[in-house]
Structures are given as structure tokens and as C-alpha cells.
Amino acid sequence: MTDVLLEMRDITKTFPGVTALEDVSIAVRRGEIHAICGENGAGKSTLMKVLSGVYPTGSYTGEIVLDGKPVHFNGIRDSEAQGVVIIHQELALVPHLSIAENIFLGNERRGTGGLIDWNRANAEAASLLKSVGLDENPTSPVIQLGVGKQQLVEIAKALSKEVKLLILDEPTAALNDIDSAHLLDLLRRLRDRGITCIMISHKLNEITAIADSTTVIRDGHTVETLDMTDEDSTQARIIRGMVGRDLDSFYPDRESHPGEEVFRIEDWTAWHPTQDRKVVDGANLNVRAGEVVGIAGLMGAGRTELAMSVFGRSYGRDVSGHLFMHGKEVRARSVSEAIRNGIAYATEDRKRYGLNLIADVCRNISAAALGKLARGGWVNGNEEIKIAEQSRRDMNIKTSNVMTTVGTLSGGNQQKVVLSKWLFTDPDVLILDEPTRGIDVGAKYEIYTIINKLVAQGKAVIVISSELPELLGICDRIYTLSAGRITGEVPVGEATQENLMALMTKEKELAG
Amino acid sequence: MTDTKPPETRESGTAPAVALHTGTSDPRTLIMRNLRQSGIYVAFVVIVGLFAILTDGVSLSPGNITNILLQYSYILVLAIGMVILIIGGHIDLSVGSVVALTGAVSAVLVIQQGLPWWVGVVAAITVGLAVGVWHGFWVAYVGMPAFIVTLAGMLLFRGLTLQVLDNISLSPFPGEYQKIANGFLNGLFGGQGFDLFTLVIGAVAVAGIAVSGYRTRTARVRYEQSVESFPLFVLRILLVGAVIMYFAWQLAHARGLPIVLIILAVLVIAYGMVTRRTVFGRQVYAIGGNLSAAQLSGVKVKSVNFWMFVNMGFLAGVAGVIYSSRSNGAQPAAGNMFELDAIAAAFIGGAAVAGGVGTVVGAMVGGLIMAVMSNGMQLMGIDQSVQSVVKGLVLLLAVAFDIYNKRRVGANR
């Protein structure tokens, strides 16, 4: 039983300024399904990138032993040659190529003269598809398949490489219940065929259902490895391992005096733009003036999608539901309508969606409410600079003047520019999506202070965050979201990381 | 967690900004602060100087300066619309064909039908606007890439030109129409061997620049922003004034003030203001700089894209009028390759390939660099083939400089 296929010993991986992994060790037995759990950002994906050679030998310290031999991978090709294959959460299929072409991409079945032997490729593809239980023609393009079937194509592709160790990163995150069940079933059959499997997952019920052992990672360290045949290895035990750290004391104090309700959504539903599933499913939520409300959910739970569909239907199709501002139902079918109705949304990815990085601080701050500075279409540039200078001082944006290009600022200062921009629209409710992602501790404190100042002025704030301690530290109430549904609403006094995590991993049928 | 690799240099890159801010009266830091913009002016001066030497001063003679203006005015008009499209992240490959079509429509009405000259002008501009609406519809509302839409337009409108003209050339236009591109305003105030009116207009322009510069400066001071020191401000105005007066002096000693220069000056001033100071202009920059961010800031992207193309159509119509007036007729092959000259002008003038960066004045200087080079090489009797090679290399180097500059600034996206 102690036949170990893979051992990673004392893996330490640092990025400039951040230690992503520190002395992480993990042992995977031959022929088992080994789950890896941890909060967002705990280091799971980094660990898998080290294992698959995305981060080459030398960029980390520690040792990888596969089949008793130390191995050094300098890229995906190296690791695949040794039978280690990773399937990423974002599927790596070329949509307009056929199933067979995708399966053998980069690994083409060649015939005479180096030309591709299509008959052989299609025949082999057909038998691979059969082994993963997918009844499709190998020549049909991948784009015609649903995500669940695409996932199976990825697995068939892995099998074509004579895989010894299959790594799946959040394989069921984008799947519906039926497809998820199929996939888990397939993993069991692969295990019976002797393929070892590492599965990263947030869904604890799946882990308890399928995994033979589970390693919990937290903040770049291994917490423990649980034997899932053990009776103690319950979901609660895993949750404790995932969150088991003290609340940090760097949240500024605030006295909470919630007033009238400012913002409410009822029965809010949004469909995935291309797939046939609901990403937000009948959500009800409200915020009062002077209140900070948190939304907790794991990756893929639909947090950002909820916020963006509310914000002028920036996400999803067939968005339905009712939106009330100050008790009156309003329409916000476009971003400009949403802004007019007093809604502001600061995105989770400020570089891609929040800022014009090649423009200066001043123009970014005025971007969402240029009309306030203009008369008859003409912008008062001096007034604009005055406003921007005001924000720079109020927000403590560290730059010598507002003509600095935003792209040259640090993450924390960029975030303050984003906040300035939205405050200039004079919103009643601010939705802040991951407001402290990727910024350092000092700047985080400043952002929290700004949030406190805003609610003291009577604004309503919704904070979406992956970091539970952050939500517990700054919110008055916390909603939990799982698979697009609100699964709980907890006043901060009653909330703990454990009960939130339990609600965040709660499945639909339990939510009822 | 996985993308935490911000280059440390970016942090340290903000430090010198403080020094720049306080040392505003030091001309060297002023130049360095805006290397991207000032680089083009330096290049322009060098090229003008170079050809003045190579042609023994002929290139700066009154007659030749007038010639350059008349010859390249329509390219400069096109470049105004083109740089706005490029800032917004689009392009227009059809403008050469649209110049031909608008000129052809005007020629058919005025020359064949014998209608008054201004009917031709109005018709040409209307056709240009219609073309802009057509392109704007496909790009903004159907969501097609401008490259494809305007490539189709290039073929489409060239074909329509042939149809309108029935494959023959039309000429000549009546005198009034010809005056648009070949006429001069002069003799109003007399003068001994030169045109006093041209000098007066030059002086008015200098005074206008000085007054508006001073007003901008005092407004900035009132808003407590940094400004260049007063002596430096005066020096800059004097320098610009000297260049303009020299230019006016030269024109006054040739044939006077070209009407087309007045048209061009009005357009440059108007569009300079539109791009810098209107909501529309700002939104063009916002869309080109980061489309998603603009969308999520409430910019009505479709409408802005649409009007950018309508504007380009308008300017193509104006260029069509100027070109048909200049060539005194309409030809089926008119305007061939004009789109490439206009695009080159915008890029040489500092517009960024990815969008979000560029200025109207920059595009004008870029266009003039191309004009001065072509003209200088023609004066020197250099073969057409060599001219083409040189122009190609200049475009290549200008964009390479832009990319190098962007990497240096570190505004990675």
C-alpha cells in the first residue's frame, strides 16, 4: 500500500516580494485519487505548475521524485514525456479544430513522409473517446461540444499521451451536476485502470465522495494529508484545515450605524453568455446606507457575474430580476444607466477592466463621469485637474502629480485611482470586487479606511472577496454564494470562517 | 498568486517624476518629459534642414513652400480623420477610393450637368458622410473589424467611382471650383513685391497663439498647477512666432496666402480642440486605451465608434473636393494609395498601433515630414523607386521608435 508514485519534497517557490510556497511536501500513492484543497491563493495552482514544469527546474527549490527517480522538468513537454499530464481549469482546446486534431495537437500521428496519417489519427481518437465514454464523431469540431464533453476530450487527449499521473485543476467548476457526476465516474474508472490522479477542487462533497486522500494547503504551506478512509476525515475537518488561522488585527475599527435600505435585488438571475446554464440563480440581496455587506464565494460561484450583471448587464444573457434603489424599482440596462442610478462597480481585474493604463491619473479619475465636467460637450480641463488633485490628496495616491501615467503606479495606488473614479460619479452603492487583490498590507489598510469613511458618509458598500478574514474584518453582514445561489446571510457577529466555508461549499439541493 | 511578478523597476520609475515636476523650467527635462511628442518635432526640423542643405536652399524657397502645401493638403486633411480612428483603435483603408468617388460625384454634377460649383462641394461632402455612415454601421453596430469593412469599402467605392465616371476622366472645373485648391487670398492690403495681407494674417495667428497660450497659463496658475517659468513661456511663443512669420514671409513673396491653407488651419485648430477638450474626443482616447474599461465606465462605445467613421467620411469628402479642384477634374484612378500616406502620417506623428495614443498636430507633422521628404527628393531628381524605399524605411523606423519607447516607459498592458 505504500507504493508511492510521486513525491514532492520541501518545495519552495518565491516570486519577487512573495513566497508562494514554502517547504510544501506531498506524497501521492500509485493508483489513488489524491485531492488538494485550499482557499483561493493558497498555492495549489502554483504547486501544480511546479510539478508540470511550467515553472522550470531551478526556479524553485526542493525535489520532485517520480517513480523513485528524481526528475527535472523544464517545460510541459518534459513532464508529459514522463507521463505527467495537467488539465487546466481553462480548457486548452482549439475551438475550430476537430476532436481528433485537438487530441493529437503537438503530438500528431505521422505517416509516410512526415504527413499526418488522418485515418490512423481518427481511428485512435475514436477508441480514446470510447474509453472516456464520449459518443461523438472524432472529426466534429470541438466548439460544437458542451463544456462537459470538452472536458472529456481533454482527458482523452491526456490518455493519448500514456499518462501515469493525471492532474485536474477544478475539473467540475464549470460543469452542471450531471456532467460533474459523469466526470467523477470516469475518474473512478481511470483509477481502476491504474491511472493516478491529482484533483484540485473546491467542492468538498466531491472530494469526500471520490478522493482516497486529501492534502490541505494554506498560505503556501502543507497543513496535513488526510486519509479519506478514516472516519475523522469529514468536510468539517477539511474546512478547519483550510481556514485555520487567526483573524489578523489590521482592520481599522468602525462603528456601524446602518440606516435606510439603499439597494436591493430580488430574484436576480443571469445565464452564461454562451453555455446553457444559470450563473446567477435567483439571488436576493440588500444593503443599507452606512453598511458594508460582504459576498463570499469560492472561485466560479458567480460573485463577479452577479455584480456585473447588476451593473448595467455587463455580463451574461437573459438577465432577469428586480433592482430597487431607495425602495423604488429602477432599470439599469446599460452601464451609463447604472451609473445614473447611483451604482458603481470597481472590477476585480483593474488592469484589464478598470483602468486605461496608458492614460494619466487625471483622465482615469474623470472617465466615468466626464459629463459632470463638461458643458455642451466641452470638458473643463482645469476643473478636471482640480478634481483629480483633490482625489489624490483625499485618497493619498502616491504620485507627484495627476499627470503621471497610471501604468507606472503600484497596485495599491492604482486601486485608489479606481476608487477615485467611482467616487467621482457620486454613487449611492459601491460594489467593490476584490478591492485588495494583489496589493500590499499597508495599502490594504488604507483601502479599508477609505471604505469606512465612505460608509460613515452614508454610502452603501458591497465587498466581494476571496479572503474570509477580510470580510469578517470589515463587513456588517455577509452573504455566501455557491453555484450562483445565495446559500446564506450571516451577521458578522455570528460568522466564523468555518460556518462561512460550510455555506460556500453547500450544494444546490441542500440550499433548497 | 501566480501573477505576482511586477518588475521592481516600475516602482523606482516613479521616483524621477518628482524631479521632473519641480524642474519644469529646465528645457532639457522638458524635452525629455515628452520625448515621444517632441521627438517628432526635432525629426521634422532635422529633415527640413537636411533637405535645405541638399537642395542648396531651393526646398525653402517661397515657391516651393507654397507647392508643398498645395500638393499635400488633401493628405493632411485625411490624416486628421485617420489619426482619430487610429487613436480609437480602428483604421480606414478606403479613404483613397472615397476621395476618388466624392471628386467624381462633384465633377459629374458640376462639369457634366453644369450645376454651380458649390453644389459639387456640398454633394461631395454629403457622399463622404454617407460613406462614413456605411462604415460606421458595419464597424460599430455589426461589430466587424474596421480593417475588413474598409478594405471592402476600398474596392466598393473604387468600383462606384468607375461607374459614376463611366470610366472616363472629366475636366475642367469652372474657375471658382479650381480656386479652392489653387487660389490665393492676396492683394487686399497691397505691398511692394510681397503680399501684406499674408503677413497680417501671420501676425494675427501669432497674436492668437500668444493670447490663448497666456490664458491657458493663467488658468493653470489659478488652478495651482505647474507651469513653465515665464521667461521660458515667452521664449517658446517667440520661437513659434518666428517660425510662423518666416513662413508667412516666404508665402508673401510667392503667390500669397493659399485658400487651402486657411481650410487646413481651421480644420487643425477645430480637431485639435475636439480631440483634447470634448467629451467625444476623450472617449475616443478611452476606447483606444482600454476598450473594456471604457465600456465599464459607461462610455457608449458603439455610438462613439460610429461617429468616428462618419467624421472620417466627412473629411474624405473635403479631401475629395480639394483633390478634384487641385487636379482640375476627376479621374477613375484618383486618390490611389492616399490611405497609406494618411496612415503613415498618423503613425510617424506618434500614434500608437494599439490605439489610445496620438494627436492631430502630431499627424500633421508626420504628414509634413513625408511631404518634405518626397518634395526634397523630387527636387534632387532622385528616382521614384528610391523615394519609395526611403519613405518605407521612415515609416518602419517611426513605429519601431514608438514600440521601443513604450517598452521603455513600461506601460505594459
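This is a short guided tour of a predicted model, with suggestions for what to select at each stop.

**Stop 1: chain A as a whole**

Start by selecting chain A and colouring by secondary structure. You should find 18 helices and 22 strands in chain A. The radius of gyration of chain A is 25 Å, close to the 24 Å that the globule rule gives for 512 residues, so chain A is as compact as a globular protein of that length. If you line up the view with the principal axes, the C-alpha atoms of chain A fill a box of roughly 70 × 50 × 50 Å.

Now turn on a surface. Chain A exposes about 21000 Å², and carbon and sulfur atoms supply 47% of that area. Inside, 54% of the 512 residues in chain A are buried. Contacts reach along the chain too: among those in chain A with a separation of 6 or more, 67% link residues 24 or more positions apart.

**Stop 2: the largest nonpolar core**

Hide the surface and select Phe263(A) and Leu306(A). These two touch the most other members of the largest nonpolar core, which has 96 residues. Next, add helix α15 of chain A, residues 441–456, which gives the most to this core, with seven residues.

Zoom in on Leu306(A). Which residues does Leu306(A) touch, leaving out those up to four places away in sequence? They are Ile265(A), Trp268(A), Val280(A), Ala283(A), Leu285(A), Ile295(A) and Leu481(A). Show their side chains as sticks to see the group around Leu306(A).

There is a second, separate core of 79 residues to visit as well. Its members include Phe51(B), Val105(B), Val139(B) and Val260(B). As background, nonpolar side chains tend to be buried together in soluble globular proteins.

**Stop 3: a covered helix in chain A**

Before leaving chain A, select residues 147–160, which form helix α5. Its 14 residues reach 20 Å from first C-alpha to last, close to the 20 Å expected at 1.5 Å a residue. Is α5(A) mostly covered or mostly exposed? Mostly covered: 13 of its 14 residues are buried. Then click on Glu162(A), just after α5(A), where the backbone takes a positive phi of about 55 degrees.

**Stop 4: over to chain B**

Select chain B and colour by secondary structure again. Here you will see 18 helices and two strands. Of its 413 residues, 47% count as buried. With the surface on, chain B exposes about 19100 Å², of which carbon and sulfur atoms supply 69%. For contacts in chain B between residues at least 6 apart in sequence, 78% join residues at least 24 apart.

**Stop 5: Thr102(B) and its surroundings**

Select helix α6 of chain B, residues 95–112, and find Thr102(B) within it. Thr102(B) is buried, with a relative accessible area of 0%. A polar atom of its side chain lies 3.1 Å from the backbone oxygen of Val99(B). Beyond its neighbours within four places in sequence, Thr102(B) is in contact with Ala124(B), Val127(B), Gly128(B), Ala316(B), Gly317(B) and Gly320(B).

Val99(B) also leads to the next residue. Its C-alpha atom is separated by 9.4 Å from that of Arg158(B), although the two are 59 residues apart along the chain. Arg158(B) is found in helix α8 of chain B, residues 146–165. Is Arg158(B) buried or exposed? Arg158(B) is buried, because its relative accessible area of 17% falls under the 20% cut-off. Among the residues Arg158(B) touches are Gly96(B), Ser97(B), Ala100(B), Pro332(B) and Asn336(B).

**Stop 6: helix α17 and what follows**

Finish with helix α17 of chain B, residues 360–379. This helix has 20 residues and reaches 28 Å from its first C-alpha to its last, close to the 28 Å expected at 1.5 Å a residue. Of those 20 residues, 16 are buried, so α17(B) is largely enclosed by the rest of the structure. At its N-terminal end, look for the cap: a side-chain oxygen of Thr359(B) lies 2.9 Å from the backbone nitrogen of Gly362(B). Just after α17(B), Gly381(B) takes a positive phi of about 75 degrees.

Carry on to helix α18, residues 384–409 of chain B, and select Gln387(B). Gln387(B) is buried, with a relative accessible area of 5%. Leaving aside neighbours within four places in sequence, Gln387(B) is in contact with Ser374(B), Met377(B), Gln378(B) and Ile382(B).

Definitions and conventions:
Residues numbered from 1 in each chain as written. Chains lettered and ligands numbered in written order. Predicted model: local features only at pLDDT ≥ 70, side-chain atom pairs only at ≥ 80, totals over all residues. Heavy atoms only, no water. Core = buried A, V, L, I, M, F, W, Y, C linked by side-chain atoms within 4.5 Å. Buried < 20%, exposed > 50% of the residue type's maximum accessible area, 1.4 Å probe, protein only. Helix = DSSP H or I, 4+ residues; strand = E, 2+ residues; numbered from the N terminus. Contact = heavy atoms within 4.5 Å. Polar contact = N/O pair within 3.5 Å; in protein donor to acceptor, adjacent residues only side chain to side chain. Expected span 1.5 Å × (residues − 1). Rg over C-alpha atoms; globule rule 2.2 N^0.38 Å. Areas by Shrake-Rupley, 256 points an atom, 1.4 Å probe, with all protein chains shown as cover.
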